[in-house]
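Here are a few worked exercises to try with the model open beside you. Take each task in turn, have a go, and then follow the steps.

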Amino acid sequence: MSLRPILIHPDPRLKKRCAPVESITPEIGKLAEDMLETMYDAPGVGLAAPQVGVLARLFVMDCVKEEGVAPRPMVLINPEIVSTSDEVNTYEEGCLSIPEHYAEVTRPARVVMRWTGLDGARQEEEFDGLWATCAQHELDHLDGRLFIDHLGAIKRGMITRKMAKLKREKARG
Ligand code: NI
């Protein structure tokens, strides 16, 4: 396993619609392992393939936060939403591609998702709480959407300008 560099917004690769994973090759297995390691190292609760520069429909997540509870690393390949609740939930979201910026985003409180696992089996599960927020945030990434795209234009522009400035400063060293 190895850590992969995480792309920082603004980056055109974070705005692309990703292509379905056609078959679960050893390369995809390695990518998923690397993404989990990169996510835990960051640390974060979710990471989508485009965030490491791979434009494929795959994300990883683990929203277990309780002390003493075993981690639950999940790999979701070609995920899709089957249904969402009418009830909504507002969470303060962040993103490993937009470090140090957080904002409240309102999304359906529960979501049923279907995806393919690394073993090739199709799976379906209902997520709620942080899991539901995270799953929808990560699925957004696969369609080139960031959490700031759920905010108003003024707030989004402010964060994007700050991030662009930070990237320029980093590039200069
Ligand atoms: Ni994100």
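**Exercise 1. Find the element that gives the largest share of the lining of the largest pocket.**

Step 1. H2 provides that largest share, with six residues; helices (H or I, at least four residues) and strands (E, at least two) are DSSP runs, numbered from the N terminus. A pocket, on a 1 Å grid over the protein atoms alone, is an open set of points where a 1.4 Å probe fits, with protein on both sides within 12 Å along at least five of seven lines, and its lining residues have an atom within 4 Å of a point.

Step 2. E4 and H2 each supply at least two lining residues.

Step 3. The lining numbers 22 residues, and Gly 44, Val 45, Gly 94, Cys 95 and Tyr 102 are those nearest the pocket's centre.

Before going on, a word on the source: this is a predicted model, where local features need pLDDT of at least 70, side-chain atom pairs count only at pLDDT 80 or more, and totals for chains, interfaces and linings use all residues. Residues are numbered from 1 along each chain as its sequence is written, and side-chain values use heavy atoms, with hydrogens and water left out.

**Exercise 2. Identify the protein donors of the nickel ion and locate them along the chain.**

Step 1. Look for donors, meaning N, O and S atoms within 2.8 Å of the metal (3.2 Å for Na, K and Ca); water is not among the atoms, so sites may look incomplete.

Step 2. Cys 95 (SG), His 137 (NE2) and His 141 (NE2) are the protein donors, at 2.1 to 2.3 Å from the nickel ion.

Step 3. Along the chain, their spacing reads C-x41-H-x3-H. Cys 95 sits in the loop between strand E4 (88–93) and strand E5 (103–108), while His 141 belongs to helix H2 (residues 129–142), so this pair, 46 residues apart, links distant parts of the chain.

Step 4. Cys 95 and His 141 are both buried, that is, under 20% relative accessible area, with exposed over 50% and partly exposed in between (1.4 Å probe, protein chains only).

**Exercise 3. Is Thr 133 buried or exposed, and which residues does Thr 133 touch?**

Step 1. Place Thr 133 in helix H2.

Step 2. Its relative accessibility is 6%, so Thr 133 counts as buried.

Step 3. Setting aside residues up to four places away in sequence, Thr 133 touches Tyr 91, Glu 93 and Arg 107; contact means heavy atoms within 4.5 Å.
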